[in-house]
Amino acid sequence: MKINLLPKDDNTNGWSAILSPRQHQPALADNIRADWLVIGAGFAGLSAARQLASNRPDDRIVLLEANEAAEGASGRNSGFAIDLPHNVGSSLEELEASRCYMGLARAAIEHLEDLVKQHRIDCGWAKRGKYHAAVSTRGTSEVLEPFARELEAIGEPLTWIEREELSSKLGTNHFNAAIYTPGCILMNPAALTRGLADTLPGNVELYEHSPVLDIDYTNGVTAQTPEGSVFAPKLIICVNGLADQFGFYRGRLLRFAAHASLSRPLTEAEQKAYGVDLDWGLTPANAFAGITMRYTPDKRILIRQNIHFQPSVRYTDAGRAEIAKDHKRLFDDRFPMLPDVTMEHTWTGFICLSENGAPGFGKVAGNVWAATCQNAVGVTKGTISGKLAADMACGVDNPMIADMESLGSPSKVPPRPFLDIGVRAKFAWELFRNRHEA
Ligand SMILES: Cc1cc2nc3c(=O)[nH]c(=O)nc-3n(C[C@H](O)[C@H](O)[C@H](O)COP(=O)(O)OP(=O)(O)OC[C@H]3O[C@@H](n4cnc5c(N)ncnc54)[C@H](O)[C@@H]3O)c2cc1C
């Protein structure tokens with residue numbers, strides 16, 4: 001089967017631009033045999049390969065990555081490892097689903113934290129919590145208040161913060177209120193992904209710049225790359241929104257472009273004018289109209305706003321220049337005391353959503369398992385689904401596999417071009433309907 005659509009992440013990722021250069025692993029240049037093949041070196045693939053290595057220390061595990069490990073979505077996100085769902089619901093079923101979700105997310109955080117400590121991964125990993133904030137009184141009463149009640153119902157600690165106090169913590173009076181929850185981790189995602197890729201166990205071979213161009217499922221799996229091939233009896237597929245290229249979840253995956261900008265560091269005078277010492281992270285009460293923001297330990301401000309339905313997984317420089325202008329405008333609206341701060345980096349990454357919010361996880365063929373479609377919270381979901389897919393493939397009796405399966409499977413979406421029209425109309429409507437949260 002020919003792979004028709006390859007990822008093509010560019011070199012605009014701000015998180016890796018602020019790190020020193022990394023020596024990537026060589027491309028596959030031979031025809032090799034292994035016990036296991038994992039495709040895709042984001043959070044899911046890195047976690048799957050590591051767990052296979054731990055379950056089967058004598059097996060040879062090959063991990064193929066089309067580009068470089070920290071240059072896909074996993075290295076270019078906003079750097080929140082989130083332990084809570086964005087909403088909980090109030091029925092018993094919804095409360096139970098939330099408990100299950102949190103259990104998975106927290107297991108992922110614990111696992112990542114152990115690795116960060118064990119390998120001394122210098123990624124700024126810090127349990128800083130996060131503010132979930134509403135701009136308007138309407139957003140406060142329609143989203144934040146019910147969310148606070150739901151969190152209380154499941155016994156989750158939270159602090160309710162009103163405008164004035166929020167303004168002193170964030171240095172902007174743009175927000176009406178927020179719920180602060182303590183469990184979220186903030187970090188540099190490129191540094192974390194690099195660290196995970198560079199500390200894989202000895203029986204994992206990572207080949208970068210090795211896109212799978214063709215895959216054959218006869219008597220095992222044979223994956224063809226530009227200069228080599230891998231044969232393995234078993235495969236774990238971790239390519240997020242491109243799993244349909246490998247024959248799985250066809251007509252079920254929605255590929256979106258998400259964009260972020262990182263400012264240059266504030267000068268000392270600007271830090272004084274800004275008046276906030278501690279770094280922080282904020283997610284919006286409304287995911288369509290609102291923006292995700294961070295103040296980083298090195299005194300930069302991150303703006304993450306705008307997602308576009310982009311099945312082609314390509315984005316133009318001209319489009320990104322418009323996004324950069326828009327992010328600067330959003331920055332200026334929120335931080336008028338910092339007029340000269342420029343956006344040093346603006347980049348695009350590709351996320352995978354499903355219509356029903358379910359992941360593409362589990363056994364998808366006799367010898368193939370999947371950990372894909374992380375619905376934009378892949379730091380935790382990708383990590384745990386990769387780990388559990390490896391356990392499942394090795395026959396490890398892990399009760400969390402059932403929790404992961406209970407999240408469901410991506411539902412079918414209408415064919416294109418009806419899909420494009422439907423998705424774009426829904427987004428335009430949601431943006432309009434929630435414009436009070438912009
Ligand atoms: C701007 C932005 C902000 C975000 N913010 C957050 C956040 O704060 N917190 C959070 O949890 N999530 C966030 N996300 C989402 C998160 O980054 C993703 O959910 C997560 O990275 C998905 O991990 P993954 O391993 O499943 O997929 P990916 O990271 O997409 O990895 C898949 C890998 O497969 C490789 N691949 C694909 N096809 C092939 C092929 N043919 N051959 C070989 N390799 C192939 C790709 O190159 C890629 O490296 C954000 C995303 C973006 C873009």
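Which residue in β12 is the bridge partner of I215? The legends below get to that pair after a look at the whole chain.

**View 1. The whole chain of this predicted model.** The protein chain holds 11 helices and 21 strands. Its radius of gyration is 21 Å, close to the 22 Å that the globule rule gives for 438 residues, so the chain is as compact as a globular protein of that length. Taken along the principal axes, the box filled by the C-alpha atoms is roughly 65 × 50 × 45 Å. Of the 438 residues, 49% count as buried. Among contacts with a separation of 6 or more, 77% come from residues 24 or more positions apart.

**View 2. A three-stranded open sheet, β4-β9-β5.** Here the strands pair antiparallel, in the order β4-β9-β5. At the edges sit β4 (80–81) and β5 (126–127), each with pairing on one side only. Zoom in on β4 and β9 (residues 185–186), and you'll find two bridges joining these antiparallel strands. A81 is the residue to look for, as it stands opposite I185 in β9.

**View 3. The hairpin of β11 and β12.** Back to the opening question: the bridge partner of I215 is A223, in β12. The two strands, β11 (residues 214–216) and β12, pair in the antiparallel sense, with three bridges between them. Four residues lie between the strands of this hairpin, and N219 takes a positive phi near 50 degrees.

**View 4. From β12 on to β13 by another hairpin.** This time the connection between β12 and β13 takes two residues. Five bridges hook β12 up with β13 (residues 228–232), and the two strands run antiparallel. For a pair to pick out, try T222, whose bridge partner in β13 is F231. So β12 has antiparallel bridges to β11 and also to β13.

**View 5. The two faces of β12.** In a regular strand, side chains alternate between the two faces of the sheet. Strand β12 (residues 221–225) has one covered face, made up of V221, A223 and T225. T222 and Q224 belong to the uncovered face. Where do the two residues from the bridge pairs fall, on the covered or the uncovered face? A223, the partner of I215, is on the covered face, whereas T222, the partner of F231, is on the uncovered one.

Note on methods
Residues are numbered from 1 along each chain as its sequence is written. This is a predicted model: local features need pLDDT of at least 70, side-chain atom pairs count only at pLDDT 80 or more; totals for chains, interfaces and linings use all residues. The radius of gyration is taken over C-alpha atoms; the globule rule is 2.2 Å times the number of residues to the power 0.38. A residue is buried if 20 or more other C-beta atoms lie within 10 Å of its own, exposed if 12 or fewer, and partly exposed in between; C-beta atoms are placed from the backbone. Two residues are in contact if their C-beta atoms, placed from the backbone, lie within 7 Å. Two strands pair if DSSP finds at least two bridges between them.
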